[in-house]
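Me: I am new to this structure and would be grateful for a close look at a single part of it. Please describe the place where its domains meet, and set that place in the context of the whole.

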Amino acid sequence: MSGTAGGGIVFDAVTKSYARGAVTTTALRDVSLQVAPGTIFGVIGYSGAGKSTLIRTVNGLEKPTSGRVLVDDIDISSLRGRALRAAQKNTGMIFQQFNLLETLSARDNVALPLRLDGVSPADARRRADEVLDFVGLTDKAASHPGDLSGGQKQRVGIARALARNPKILLSDESTSALDPATTAQILDLLRRINREYGTTILVVTHEMDVIKDLAHEVAVMAGGEVVEHGTVLDTFVRPRADATRDFVDTIVPRGLPRRVVDQLGGEGLWRMLLLDAEVEQPLITGLIRDVGVDVNMLHADMTQIQEHTVGQLIIKVTGSPEKMREAHQYLSERVVELEEVTA
Ligand code: ADP
């Protein structure tokens, strides 16, 4: 399989409304984002946030009501007919429900887009076997979807999406129907595609795990708008929008039951995030010995976010006002994020 450089995607003030009789639904509101070539970009949001609509504008399945979608500098939203079909070959897509044809073998499912392009049966078959080998399904080439597991079906879906050697791979909830172990294997495969072929991957999902393990950058959508956008690590450490906080909470729960906060609240109930080497320092010992405050440790956990370790500590500190200020200063200098926990 020859290498492909990934394509860039630019969403430029994209708005999409659906009119049904007197009712207008706005699925996308003024969305502007840039997906750099060769990166893995995640879009997360609850059901109805506009994710599917957004991803479908990239291959021209949806046309923006206003704004533009540039794929490799070409305004895909303005193309029609033959020009659109030619541009669509640069983009492969995978789906939650796999969208395979049950009557065709895995090999014929993968070869289908090539046959529709007019590629000869022998060449299409050769290429299909090549991509099936890449996704680790050589021994299942003759099987029908009904005889494959969910993970194997998604591998066939991925092979089919790769058959035309696309610059961009679009993933619409592609792991949402899979169990955690199979999800991890599919995410591994997507990472390998990105690494080995430089394919740009745009992933939409409602699962923060997928973002945590796969994406370089993330945009959070709510009500058709992008409410937050940044690197994955930054988003985990400093979520700003409510929706982002809720998603981050599914991976790094903010720790304390409300009852405990009510009981212990007030000054000195602090939540800290520690990044990488920060987790190894004797923080609590330092507070007690060097600053001279009392410390009650309430919660501690640690999460791996790609190549980073993020630790969370929640403590209750007591001491004189002056000591409390000193303790706050001491911690601020040593952790990436420090906040008061309030009920
Ligand atoms: P998500 O993928 O985040 O679940 P969607 O992009 O599917 O969100 O939908 C966003 C909003 O647009 C929803 O309110 C949905 O009902 C509406 N919508 C999507 N597609 C259509 C359509 N073809 N006709 C009318 N409304 C639609």
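Reply: Among contacts between residues at least 6 apart in sequence, 71% join residues at least 24 apart. The model is a predicted one. Its secondary structure comes to 12 helices and 14 strands, and the C-alpha atoms fill a box of roughly 80 × 50 × 35 Å along the principal axes. Of the 343 residues in the protein, 49% are buried.

The domain assignment divides the protein into domain 1, residues 9-249, and domain 2, residues 258-340. Each of the two contributes 11 residues to the contact between them. The C-alpha centres of domain 1 and domain 2 are 40 Å apart.

The part requested is the interface itself. Between them, domain 1 and domain 2 bury about 830 Å², and carbon and sulfur atoms account for 63% of that area. On the side of domain 1, three residues stand out: K212, L233 and V237 supply 61% of the area that this domain buries against domain 2, more than any other three residues.

Polar and charged groups also take part in the interface. The rule finds one salt bridge across the interface of domain 1 and domain 2. A salt bridge joins the side chains of E337 and R238, with a distance of 3.1 Å from N to O. Four residue pairs are found in polar contact across the interface, with both residues of each pair at pLDDT 80 or more. Two helices, α7 (208-214) and α8 (232-237), each supply at least two residues of the side of domain 1 that touches domain 2. By character, the residues of that side of domain 1 comprise seven nonpolar and four charged, with no polar residue.

A further position, in domain 2, may serve as a point of reference. G265 is found in the loop that runs between α10 (258-264) and β11 (269-275). Leaving aside neighbours within four places in sequence, G265 is in contact with V260 and K316. Is G265 buried, partly exposed or exposed? G265 has a relative accessible area of 27%; buried requires a value under 20% and exposed a value over 50%, so a residue in between is partly exposed. With respect to V335, G265 is 70 residues away in sequence and 21 Å away in space, from C-alpha to C-alpha.

Conventions:
Residues numbered from 1 in each chain as written. Heavy atoms only, no water. Domains from an automatic or database assignment. Contact = heavy atoms within 4.5 Å. Buried area = accessible area lost by both parts, 1.4 Å probe. Salt bridge = Lys/Arg side-chain N within 4 Å of Asp/Glu carboxyl O. Polar contact = N/O pair within 3.5 Å; in protein donor to acceptor, adjacent residues only side chain to side chain. Helix = DSSP H or I, 4+ residues; strand = E, 2+ residues; numbered from the N terminus. Nonpolar A, V, L, I, M, F, W, Y, C, P; charged D, E, K, R; others polar. Buried < 20%, exposed > 50% of the residue type's maximum accessible area, 1.4 Å probe, protein only.
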